[in-house]
Amino acid sequence: MRALLSFHPLFRRHLAGFAIALGLSLATLLAGVALLGISGWFLTAAFLTTATMSFNLFGPSAAVRGLSMLRILSRYGEKLVGHDTTLRVLADIREWLFRRLGPGVHQANQALRKGDAVSRLTADVDALDSVFIVAAGPLVTGVLTATAVTVFLSVMLPAAAILYAVFMATALFVVPILLSSGTRRLGARIIDLSTELRVAAFDMVDGHADLIAFGAADRMRARSDAIAADLSRTRLRLARASASASAAIAVLGGLAVVGTLLTGLTALERGLISGPILVGLLLASLGSFEATAAVTRQVAKFGSAIAAAERLRRLAETPPVVVDTLHPAALPAGGSISIEGLTFGYDPRRPVLRNLDLTVDAGSSVAIMGESGAGKSTLGALLLRLADPIAGAVRVAGTDIRDIAQSDLHARIALLEQNAPVFIGTIGDNLRIGCNGASDDECWFALGKARLADFVRSLPAGLETPVGEAGHTLSVGQARRLCLARTLLSKAEILVLDEPTSGLDRETELSFFSDLRNATVGRTVLLISHAHLPFGIVDRILHLTDGRLREDQ
Ligand SMILES: Nc1ncnc2c1ncn2[C@@H]1O[C@H](COP(=O)(O)OP(=O)(O)OP(=O)(O)O)[C@@H](O)[C@H]1O
């Protein structure tokens with residue numbers, strides 16, 4: 001529950017929207033209750049008095065029409081404003097979490113099972129919607145409507161008011177509390193199983209070729225079928241509990257009506273109220289139970305919401321990998337890099353880089369070679385401040401990168417990651433990610449440098465060709481060159497290219513290397529590569545061994 005409350009500052013920002021939705025929800029309920037009450041009274045009174053032709057039909061029928069219209073409009077407005085506000089809160093939570101994680105979203109994703117971080121940022125956040133709707137909607141409006149009906153009954157039929165209040169309070173509080181405590185575990189289990197199912201689906205989609213090749217597809221399918229069956233059973237149990245609560249509420253509503261009827265008949269016999277008024281009161285008390293049904297519907301989702309909030313809180317409490325300085329210094333112009341005494345390890349007891357020094361002048365190029373696992377990509381990540389060193393400093397244009405805003409640093413350095421992703425969208429969209437507003441000519445120029453222009457030109461839609469999810473319509477080499485073109489298109493003065501030619505055949509690789517100087521002229525280049533580099537394509541070649549850089553002999 002504490003986890004749920006920790007999101008209240010984000011909720012408070014949208015208080016006005018929730019207040020409007022609440023007002024409209026209250027108007028809907030009260031209009032519904034009044035509509036039933038007046039209709040009951042009106043029809044009964046009209047039936048009893050038409051013989052004498054003395055009944056004023058105009059007033060009540062106008063009220064019935066007016067209330068019907070009010071109910072339609074307020075319900076529409078309540079749905080519109082309520083859902084709009086809820087979706088805004090959920091969007092805020094997602095954005096807040098993403099910002100909170102910062103570069104750590106990558107680490108969080110690695111620490112969790114595949115798909116789990118995505119699951120938290122999507123499904124878990126969605127599971128919170130019932131909380132906000134419960135908090136702002138049915139419970140509050142239910143209490144207000146029940147109070148209004150109780151007050152009205154206590155004036156018209158005091159004995160019925162007591163019975164009504166008891167049954168209504170049971171329906172509004174006792175049933176939801178019992179339902180909530182009885183289904184909390186089921187809700188949490190639904191969240192766990194949904195995550196398991198999503199993780200299994202990720203494995204099956206991503207690894208389907210390997211699973212088929214290893215003959216493991218049936219085993220994986222059986223595993224996900226078992227999870228899905230467990231999920232269905234748990235959902236069914238929750239639905240049954242929810243249906244039982246709804247049935248209990250229907251019985252309580254019926255008891256409230258019977259109580260009103262019995263006490264009303266006594267009052268009628270004594271001449272304390274008229275028949276039409278009694279019918280109106282009966283229907284009004286029945287109509288007011290509509291609110292309790294909505295509370296029960298939402299409370300059934302509470303267990304899942306609490307479990308989801310707990311998972312989100314744990315994700316949000318992952319300590320940030322890097323924290324932006326509060327008073328960032330201005331980053332001077334220039335593309336020089338200087339690294340002094342850099343020590344870093346994912347596990348501080350086992351450093352990958354040890355007391356490493358490196359100086360790269362602006363506009364020059366350096367290749368970093370080394371065995372697999374030597375720490376080359378780690379060095380690239382530290383340059384972009386995706387993590388902070390244990391000791392030493394990284395300076396760009398003479399300034400310690402911890403003293404500048406990360407956004408300034410990332411505008412100065414572009415990275416072609418070893419596993420750079422192709423995003424959903426067109427080839428043009430993918431190119432412009434790091435250089436919004438780049439012209440078609442600039443895109444073609446970058447594609448030419450990455451040796452992909454001929455292929456893209458051969459496609460009927462050219463730059464507008466969709467590349468499919470994760471670039472599945474491209475070969476591995478084409479996807480790699482698209483990511484390379486994206487990096488070359490960026491205006492950053494420093495380029496860190498991590499294995500830029502992986503996935504390219506040797507001939508294309510050699511062409512790429514021979515083009516590299518021209519493609520990057522004027523920029524500082526840090527080229528991380530396993531490949532055998534042709535002579536003269538970089539100014540210096542350094543080897544990373546035992547956590548330090550050594551000049552090529
Ligand atoms: N996120 C991580 N968490 C823990 N350890 C990591 C992480 N990333 C890399 N490592 C470890 O750090 C070491 C250096 O990895 P890095 O990826 O920098 O090597 P590399 O020289 O780029 O290797 P390759 O040429 O194979 O890409 C390796 O031992 C690796 O297992």
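## Glu-499 and Ala-397: positive phi outside glycine

In this predicted model, Glu-499 is partly exposed, because 19 other C-beta atoms lie within 10 Å, and a residue counts as buried only from 20 upward. Glu-499 belongs to the loop that links β7 (494-498) with α21 (506-519). The phi angle of Glu-499 is near 50 degrees, a positive value in a residue other than glycine.

Ala-397 also has a positive phi, of about 50 degrees, although Ala-397 is not a glycine. The loop that holds Ala-397 runs between β4 and β5. Ala-397 is partly exposed, with 19 other C-beta atoms within 10 Å.

## The four-stranded sheet

The strands on either side of Ala-397 belong to an open sheet of 4 strands, arranged in the order β2-β1-β4-β5 with antiparallel pairing. β2 (353-360) and β5 (399-400) occupy the edges; each has a single partner strand, so one side of each is left without a neighbour in the sheet.

Strand β1 (residues 337-344) is joined to β2 by 5 bridges, and the two run antiparallel. Within this pair, Ile-339 stands opposite Leu-358 of β2. Another 5 bridges connect β1 to β4, again in antiparallel fashion, and here Glu-340 faces Ala-393 of β4. Strand β4 (residues 391-396) is linked to β5 by 2 bridges, also antiparallel. Val-396 has Thr-399 of β5 as its bridge partner.

## Overall composition

The protein chain contains 21 helices and 10 strands. Of its 553 residues, 39% are buried. Among contacts in the chain with a separation of 6 or more, 81% are between residues 24 or more positions apart.

## Two nonpolar cores

In soluble globular proteins, nonpolar side chains tend to be buried together. The largest nonpolar core in this model has 74 residues, and those with the most contacts inside it are Leu-128, Tyr-164, Ala-171 and Ala-308. Helix α3 (residues 15-49) gives the most to this core, contributing 16 residues. Apart from this core lies another, of 57 residues, which includes Leu-356, Ile-413, Ala-446 and Val-496.

Ala-171 illustrates the packing within the largest core. Leaving aside neighbours within four places in sequence, Ala-171 is in contact with Ile-249, Leu-252, Gly-253, Phe-289 and Thr-292.

## Helices α14 and α4

Ala-308, one of the residues with the most contacts inside the largest core, is among the buried residues of α14. Helix α14 (residues 302-316) has 15 residues and reaches 21 Å from its first C-alpha to its last, close to the 21 Å expected at 1.5 Å a residue. Of these 15 residues, 11 are buried, so α14 is largely enclosed by the rest of the structure. The buried positions are Phe-302, Gly-303, Ser-304, Ala-305, Ile-306, Ala-307, Ala-308, Ala-309, Arg-311, Leu-312 and Leu-315.

Helix α4 (residues 58-101) has 44 residues, which should span 64 Å at 1.5 Å a residue; the end C-alpha atoms of α4 are 64 Å apart, in agreement with that value. The buried residues of α4 include Leu-67, Val-81, Val-89, Ile-93, Leu-97 and Leu-101. Ser-74, Glu-78, Gly-82, Thr-85 and Thr-86 are also among them.

## The ligand shell

The ligand is surrounded by 12 residues, of which the closest are Tyr-346, Ser-372, Lys-376, Ser-377 and Thr-378. By character, the residues of this shell divide into 3 nonpolar, 8 polar and 1 charged. Helix α15 (residues 376-383) gives the most to the shell, with 3 residues.

## An exposed loop residue

Asn-419 is found in the loop between β6 (413-416) and α17 (427-431). Asn-419 has 9 other C-beta atoms within 10 Å and is therefore exposed, the limit for that class being 12 or fewer. The C-alpha atoms of Asn-419 and Ser-502 are separated by 9.8 Å, although the two residues are 83 residues apart along the chain.

Conventions. Residues numbered from 1 in each chain as written. Predicted model: local features only at pLDDT ≥ 70, side-chain atom pairs only at ≥ 80, totals over all residues. Expected span 1.5 Å × (residues − 1). Near = placed C-beta within 6 Å. Nonpolar A, V, L, I, M, F, W, Y, C, P; charged D, E, K, R; others polar. Core = buried A, V, L, I, M, F, W, Y, C linked by C-beta atoms within 7 Å. Contact = placed C-beta atoms within 7 Å. Pairing = 2+ DSSP bridges.
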